[in-house]
Structures are given as C-alpha cells and as structure tokens.
Amino acid sequence: MTAKSLMKQATQTVTYDIEKIRDDFPILKQQVNGKPLVYLDNGATAQKPQQVIEVLDQYYREYNSNIHRGVHTLSEKATGAYEAARLKIKNFINAESIQQVILTSGTTASINLVAQSYGRSTLKQGDEIIITEMEHHSNIVPWQMLCEQTGAKLKVVPINDKGELIMEEYESLLNDRTRLVAVVHISNALGTINPVEDIIKLAHNRGIPVLLDGAQAVPHCPVDVQALDCDFYCFSGHKLFGPTGTGVLYGKKALLESMPPWQGGGDMIRTVRFDETTYNDLPYKFEAGTPDIAGVIGTGAAIDYVSAIGMDNIAHYESELLAYATEIMSAIDGLTLVGTADNKAGILSFVMKDIHPHDIGTILDQHGVAIRTGHHCAMPVMERYEIPATARASLALYNTRDDIDHLVEAINNVRKVFA
Ligand code: C6P
C-alpha cells in the first residue's frame, strides 16, 4: 500500500487523542539531562505502554509457568494466554491460520529460520537470491551464509539518489536461476516504503517466492499478508511497543509444510526415539525450546493497544508528522536528509556539514533528545552515499510536533557549538 492510499484510507477514519496516548507511556514523562525526554529512536526500539507493562507484571506475579507442558492450572493459564497472543498476531496481519504464525525471538531469527530451513533445503550451486542495496544486515548476512553453504549467489538491486529501488534493475535481475527475493518493506536507514506489491507480482510471474522484512513497517502501517500475497513476512515485537525477545515469521502454509525444522529440541517433536524422531505440526515444528512466554503475551497486549488506536490512524498521523519534520529540517542550513523517497515512512536520516553524526547524537542527548547515530546496521547504504554514518530520528505514534521542534532547536545548538 502506498503512503497516498494509506492517507486516503486514513482520512475516512476517526480521531487521534495524542495526549491520552502519551499518557499511556510512563517512560516519556521523565527528564533526561535536565530536559524533558524527546524519544526519537523508535526505529531501534519503541517504548512500551502501561497496558503492556501491566500484562508482563501480571504474568510474573500470577501465572508464570511453562507452556504446552503442564496440566496444572498455572501452566494451562500461561498456555492459553500465549496461544491467545498468537491468534491476535494472526488477526493483526490477516494470516489465514494460526499455523502460519511462527513465534521467534525477532526479525533476525525469522529471516535466519527461512534461510536455514527453506534456503538450505532447496538452494544449490548456481541458484540466485535477490536482495536490495537498502537491506538491514539481518536481511543480508543470513543469505551470504546460505550462499557459502550452498554455492548460491547473491544479487543486489541498486537504489537511486533518493533512496528508491531501481525497479528496471530488479526486473533485469529476475531470471530462471532466481530462487528467492528478500526485500525490506520499509528501510530503517532511509525510510523508503518499497513498492512491495509490484516486487511480489514480478517475482510471482516467474514462480519465485518473496520474503518481506517488515520490522519497520508493522508498527507504522496496516499489513495484510494475504492482500500482499507475500510468501514470508518477518517482524519484531519490540518495535511494535511489545517486549524485546519476540518476533514473528508468517509463511504460506504449503511452503512452511515443505520446510524441514531448523532447530531441534523440546516442543517441536511428536515422538523421539533413538532410531527415529517425528516432528510436530505447524507452527510448533519451528518452535524448539521454551520461548519468551511473557514477551509473546506482552506482544499480544501491544497489538491490542495499536489496534484500539487503529493502524490507519497511526499511519495518517505519522505521515503528517513526517511532512512537518521534513519541511523544517530541510530548511536547516548545512543539513542534508539522506533518503528522500516519494513514498516514505517516519524516518529522518541526516548528515551535517563537517560535523560527525556521533557528535550530533551526543549534543542532542544533552538536550534530552534521543536519536540513533551510526550505520544503522545498513553499512551498504552508507557506502552507497559515501558517508560513514548518519544521525537518525525515527518517529512513532506518540511523537508530536513539539518533539520535532525540540529536535530542531537542539540541532541548531549543534550548529552553534561547531560554528
Ligand atoms: N533495526 C534499527 O535501529 P531485530 O534486531 O531482530 O529485532 O530486528 C532487526 C531488523 C531487521 N530489519 C530491519 C529493517 C530493521 O530495522 C531491524 C532492526 C534497528 O534500525 C536495530 S539495528
């Protein structure tokens, strides 16, 4: 879905009570270095609302126990809450069934699972995997490792100066040797919203499956895996206002069923004998060992939270905030935005003439403004723009124009310090 179509859809929906939303996030009420906290590092991890924190507290106080194992009351309660969270995730991304919602420790684990299970069992010497120049390392390195293991080759779709994929190059890379396309839905370093529908259609015309890295998309816009028709979709709970240590791999059922388990251990088996082991059904086949039970239940609460606000409302609110931030930041002398795609989400990567991003980040912190600086685990993006790093402000549903004004004021202070 494009930003414009999201906006159009969103204008038909209801209200956005920013004061009430901010009130739900206790961490935002504090001062940092004597200044009110302005949290603009949501791309790295998002803050947690009271509703999520309470669910975690309740789990540990009242029914902490292992799942799928015990017949005692606490274990049954934990299993029920854990599976209820899976159902919430299924509905949230509109998966066909809960069997297609594999619970992992994060986007990174989800992509590695596909690489080591699907990839390792199907790819061979000379096969090709297509990724893009704007991928996070999590969607590069697992494929490089797979290439080393199988003899397959990695092909990379380049980006233009605005940070958009060059679609003609993508089309020309698709061929009879392509076995998988793995693309980021929204770039963490540039904010680009990729034309994933077109990417998927072009790959499917040749029978090639597509994996989407949705780590930066799921917290900011509605995602419907059936409408997208993607073959795999990966995301993390902690960027979606849930706890760290949780993630999701959605997959088409036929693909998941054809894939061998990746990790072995408890819960993923049906029977174990020394001469033969049989595996559990989906989704458990891919869920070896005790998971982050509280984390998954908390992610379910986070989904309840964003669903009550409405993903359309969130997308609309954030795109207006991005437009405001883009306008005033573009006007700052000596500041250059890196990533100016026509279709963009709330990520503002920038560099300042003769000032290292780490210095920007340090001075901003003194003003209570939290941003990320560095390569953002997307070193090829930095190489593309011939820069060592950027400073990055990344928005979330609780940020305001006031936050942006504080950011700009602090940036102006950076300029004064280095004048
Ligand atoms: N990006 C950022 O500051 P994990 O660590 O598994 O939850 O997510 C990895 C990941 C994968 N893909 C994209 C597009 C991402 O943005 C991230 C995480 C954070 O940009 C931390 S490096």
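**Figure 1. A close-up of Ile404 in helix H15.** Ile404 lies in helix H15, which covers residues 401–418. This is a predicted model, and the same holds for every view that follows. Ile404 has a relative accessibility of 0%. Buried means under 20% relative accessible area, so Ile404 counts as buried. Now look for Thr290: Ile404 and Thr290 are separated by 114 residues in sequence. How far apart in space are Ile404 and Thr290, C-alpha to C-alpha? The distance between the two is 42 Å.

**Figure 2. The protein chain as a setting for the close-ups.** Before zooming in again, it helps to take in the whole chain. The protein chain has 15 helices and 17 strands. Its radius of gyration is 22 Å, close to the 22 Å that the globule rule gives for 419 residues, so the chain is as compact as a globular protein of that length. Along its principal axes, the C-alpha trace spans about 75 × 55 × 40 Å. Of the 419 residues in the protein chain, 56% are buried.

**Figure 3. The ligand and the residues around it.** How many residues surround the ligand? There are 18 of them, and the closest are Thr108, Asp213, Gln216, Ser236 and Arg372. You can sort this shell by chemical character: four of its residues are nonpolar, ten are polar and four are charged. The shell also draws on two parts of the chain, with at least three residues from domain 1 (3–48 + 310–417) and at least three from domain 2 (53–307).

**Figure 4. Polar side chains beside the ligand.** Three side chains are worth finding here. Gln216 places a polar side-chain atom 2.7 Å from an oxygen atom of the ligand. Ser236 also has a polar side-chain atom 2.7 Å from a ligand oxygen atom. For His136, the partner is a nitrogen atom of the ligand, and a polar side-chain atom of His136 lies 3.4 Å from it. How much of the ligand does the protein bury? Taken alone, the ligand exposes 510 Å², and the protein buries 88% of that.

**Figure 5. Ala215 and Leu228, two buried residues.** Ala215 sits in the loop between strand E8 (210–213) and helix H9. With 8% relative accessibility, Ala215 counts as buried. Ala215 and Asn194 are 21 residues apart in sequence, and their C-alpha atoms are 13 Å apart in space. Leu228 is found in helix H9 itself, which covers residues 225–228. Leu228 is buried too, with a relative accessible area of 9%. From Leu228 to Thr278 there are 50 residues in sequence and 33 Å in space, C-alpha to C-alpha.

**Figure 6. The cis peptide bond before Pro283.** Most peptide bonds are trans. Is the bond from Leu282 to Pro283 cis or trans? This peptide bond is cis, with omega near 0°. To find the place, look in the loop between strand E12 (277–279) and helix H11 (293–309), where Pro283 lies.

**Figure 7. Two residues with positive phi.** Most residues other than glycine have a negative phi. Asn94 has a positive phi of about 55° although it is not a glycine. You will find Asn94 in the loop between helix H4 (73–93) and strand E4 (101–104). Phe241, also a residue other than glycine, has a positive phi near 70°. Phe241 is placed in the loop between strand E9 (232–236) and strand E10 (247–251). Which of the three words, buried, partly exposed or exposed, fits each residue? At 31% relative accessibility, Asn94 counts as partly exposed, whereas Phe241, at 0%, counts as buried.

**Figure 8. Polar contacts of Arg86 and Asp267.** Arg86 is found in helix H4. With a relative accessible area of 0%, Arg86 is buried. A polar atom of the Arg86 side chain lies 2.8 Å from the backbone oxygen of Val101. Asp267 belongs to the loop between helix H10 (253–258) and strand E11 (269–272). Is Asp267 buried or exposed? Asp267 counts as buried, at 16% relative accessibility. Which side chain does Asp267 join in a polar contact of 2.9 Å? The partner is the side chain of His68.

Technical notes:
Residues are numbered from 1 along each chain as its sequence is written. This is a predicted model: local features need pLDDT of at least 70, side-chain atom pairs count only at pLDDT 80 or more; totals for chains, interfaces and linings use all residues. Side-chain values use heavy atoms; hydrogens and water are left out. A residue is near a molecule or strand if one of its heavy atoms lies within 4 Å of it. A polar contact is a pair of N or O atoms within 3.5 Å; within protein, one must be able to donate a hydrogen and the other to accept it, and residues adjacent in sequence count only if both atoms are side-chain atoms. Accessible areas come from the Shrake-Rupley method with a 1.4 Å probe; for residues, only the protein chains shown count as cover. Ala, Val, Leu, Ile, Met, Phe, Trp, Tyr, Cys and Pro count as nonpolar, Asp, Glu, Lys and Arg as charged, and the others, Gly among them, as polar. Domain bounds come from an automatic or database domain assignment. Helices (H or I, at least four residues) and strands (E, at least two) are DSSP runs, numbered from the N terminus. The radius of gyration is taken over C-alpha atoms; the globule rule is 2.2 Å times the number of residues to the power 0.38. Buried means under 20% relative accessible area, exposed over 50%, partly exposed in between (1.4 Å probe, protein chains only).
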